[in-house]
Amino acid sequence: MIIIVRHGETYANVKEGEQPSLTENGREQSKKLRDKLANLPIKNIISSDLDRALDTAKIINEKHSLNINIDAKYREIYRLIVGGPKNKSRPFRKKEDTKRAERVLGSLASLTDNTLIVTHGNLIRYFIAKKLNLPPKKMWNLYLSPCCILVLSKENVKLFQSEDLSEFN
């Protein structure tokens, strides 16, 4: 089982154009998630190198005391890939980010069971689309709450929104 977590709420989630660092609410979401994951036998934590994901990973790790493997390949991908609006400043990223997302998806099978990955919403949308054999461009409207959990196993894919982690066990 691989557990994939979206980072906590950021100022940019609250108001476009703001800094993408965690809000106080994002820190609280991360603490709630930390407590929910505290008893899981997590063996490995991987995080995007972007601060919002890394800060979330550090908070979760307070209950596990593992080394966090920081890896830039888990960074956000360009939103156009999952059907989002075009961003004039980043059209060059579509091809590059799609290739990276495919490489990351392919590498998930080689990860140790009970690995936790802290990453970003569009990469999670991409994983869900591919695992369910859906076109990634149809995923933009899939709501992913900050600190949501995606569980990938050989048998299935399960998504748990942070608003109701009571279903996660």
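This passage describes the sheet, a buried arginine–histidine pair and selected salt bridges of a predicted model.

The sheet is open and is built from six strands in the order 3-2-4-1-5-6, with mixed pairing. Strand 3 (68-70) and strand 6 (157-160) form its edges, each pairing on one side only. From one strand to the next, the twist averages 20°. Strand 1 (residues 2-6) and strand 5 (residues 149-152) run antiparallel and are joined by four bridges; within this pairing, Ile4 has Leu150 of strand 5 as its bridge partner. Helix 3 lies across strand 1, strand 2 (44-47), strand 3 and strand 4 (115-119), and runs at about 145° to strand 4.

Helix 3, which spans residues 51-61, contains Arg52. This residue is buried yet has no salt bridge. The nearest side chain of opposite charge belongs to Glu76, 5.3 Å away, whereas a salt bridge requires a separation within 4 Å. The side chain of Arg52 instead makes a polar contact with that of His120, at 3.4 Å. Beyond its sequence neighbours up to four places away, Arg52 touches His7, Thr10, Pro20, Leu22, Glu76 and His120.

His120 is located in the loop between strand 4 and helix 5 (121-131). Its relative accessibility is 0%, and His120 therefore counts as buried. In addition to the contact with Arg52, the His120 side chain makes a polar contact with the side chain of Ser48, at 2.9 Å. Residues touched by His120 include Arg6, His7, Leu50, Ala53, Tyr74, Arg75 and Glu76. His7 and Glu76 are thus among the residues touched by both Arg52 and His120.

Across the whole structure, 10 salt bridges are found. Arg34 forms one of them with Glu62, the closest N and O atoms lying 2.5 Å apart. Because Arg34 lies in helix 2 (residues 24-37) and Glu62 in the loop between helix 3 and strand 3, this pair ties together parts that are 28 residues apart in sequence. Arg34 is buried, with a relative accessible area of 14%. A salt bridge also joins the side chains of Asp35 and Lys63 (3.9 Å, N to O). Here Asp35 of helix 2 is linked to Lys63 in the loop between helix 3 and strand 3, again over 28 residues. Asp35 is partly exposed at 41% relative accessibility, and Lys63 is partly exposed at 47%. Arg34, Asp35, Glu62 and Lys63 are linked in a network of salt bridges.

A further salt bridge connects Lys130 with Glu102, at 3.3 Å between the closest N and O atoms. Lys130 belongs to helix 5 and Glu102 to helix 4 (residues 93-107), so the pair ties together parts 28 residues apart in sequence.

Terms used. Residues numbered from 1 in each chain as written. Predicted model: local features only at pLDDT ≥ 70, side-chain atom pairs only at ≥ 80, totals over all residues. Heavy atoms only, no water. Helix = DSSP H or I, 4+ residues; strand = E, 2+ residues; numbered from the N terminus. Buried < 20%, exposed > 50% of the residue type's maximum accessible area, 1.4 Å probe, protein only. Lys, Arg positive; Asp, Glu negative; His and termini not counted. Polar contact = N/O pair within 3.5 Å; in protein donor to acceptor, adjacent residues only side chain to side chain. Contact = heavy atoms within 4.5 Å. Pairing = 2+ DSSP bridges. Axes fitted to C-alpha atoms, helices over the stretch in contact; angles between N-to-C directions.
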